[in-house]
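Trainee: Could you walk me through this one before we move on to the next entry?
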Amino acid sequence: MPIGFSDISATKPSFGGFCAAIFVIGNGLGSLETAANPYLAVCGPPRYSEIRINLAQAFNAVGTVVAPVLGSYVFFKEVGDNAEAIRNVQWVYLAIACFVFLLAVVFYFSTIPEITDADMMYQATVAEFCYTGAQVAIATYFINYAVDTRDNTSSATGAIYLAIAQACFAAGRFSGSFFMHYVRPR
């Protein structure tokens, strides 16, 4: 029987591999947000560009609320060193990868405006990379922190705490978008 990626990662867990995967996720999200934000800024009236960006990021925050809740009921039901449990989790990531690939195909064939300010893109890329990297790092270690610092806290409970924290973040984004209609963001 050929050895697949799931067999290798399940039987050869590695902190370096985990860090590399988190780096790839942070880099991908940072690149995606860096590319999406200028398009949001130019698609519509310029005076509402900040509101569009903040509102889009608020919907991104909704995903950060749903993910830990889903994880608490799916991923953390039975945790341990069970290789079968790790293989089951990998199917979720494969589904996400397939969805992202299909989304990339849709964008490839879509007509979208061109952004050409290279200097702005470089600065935006560095800033977004740092922001997204910090966001991913905090979310990644939050559950472990909750388990380690609070007595009788399971990974599933830590995921619920993360969802609550992310819900507060999302609420801040939505309320910020609302107030930006009345308070000039610049």
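Mentor: A word on terms before the fold itself: helices and strands here are DSSP runs, with at least four residues for a helix and at least two for a strand, numbered from the N terminus. Keep in mind as well that this is a predicted model.

Trainee: Okay, so how many helices and strands does the protein have?
Mentor: There are six helices and zero strands, so that, given how elements are defined as DSSP runs, the order from the N terminus on reads α-α-α-α-α-α.

Trainee: And what share of the residues is buried?
Mentor: Of the 186 residues of the protein, 20% count as buried. The accessible surface comes to about 13000 Å², and carbon and sulfur atoms make up 70% of that area.

Trainee: Which residues form a nonpolar patch on the surface?
Mentor: The patch consists of Tyr93, Ile96, Phe99, Val100, Leu103, Val106, Phe107 and Ile112, which together offer about 790 Å² of accessible area. One of them, Val106, lies in helix 4, which covers residues 83-109.

Trainee: Why does Val106 count as partly exposed?
Mentor: Because its relative accessible area is 48%, and the partly exposed class lies between the 20% limit for buried and the 50% limit for exposed.

Trainee: Switching topic, where is Glu114?
Mentor: Glu114 sits in the loop between helix 4 and helix 5, the latter being residues 118-149. With a relative accessibility of 68%, Glu114 counts as exposed.

Trainee: How far is the C-alpha atom of Glu114 from that of Pro38?
Mentor: The two C-alpha atoms are separated by 9.4 Å, although Glu114 and Pro38 are 76 residues apart along the chain.

Conventions: Residues are numbered from 1 along each chain as its sequence is written. This is a predicted model: local features need pLDDT of at least 70, side-chain atom pairs count only at pLDDT 80 or more; totals for chains, interfaces and linings use all residues. Side-chain values use heavy atoms; hydrogens and water are left out. Buried means under 20% relative accessible area, exposed over 50%, partly exposed in between (1.4 Å probe, protein chains only). Accessible areas come from the Shrake-Rupley method with a 1.4 Å probe; for residues, only the protein chains shown count as cover. Patches are made of residues with over 30% relative accessible area and no salt bridge: like charges are joined within 9 Å, nonpolar side chains (Val, Leu, Ile, Met, Phe, Trp, Tyr) within 5 Å. A salt bridge is a side-chain nitrogen of Lys or Arg within 4 Å of a carboxyl oxygen of Asp or Glu.
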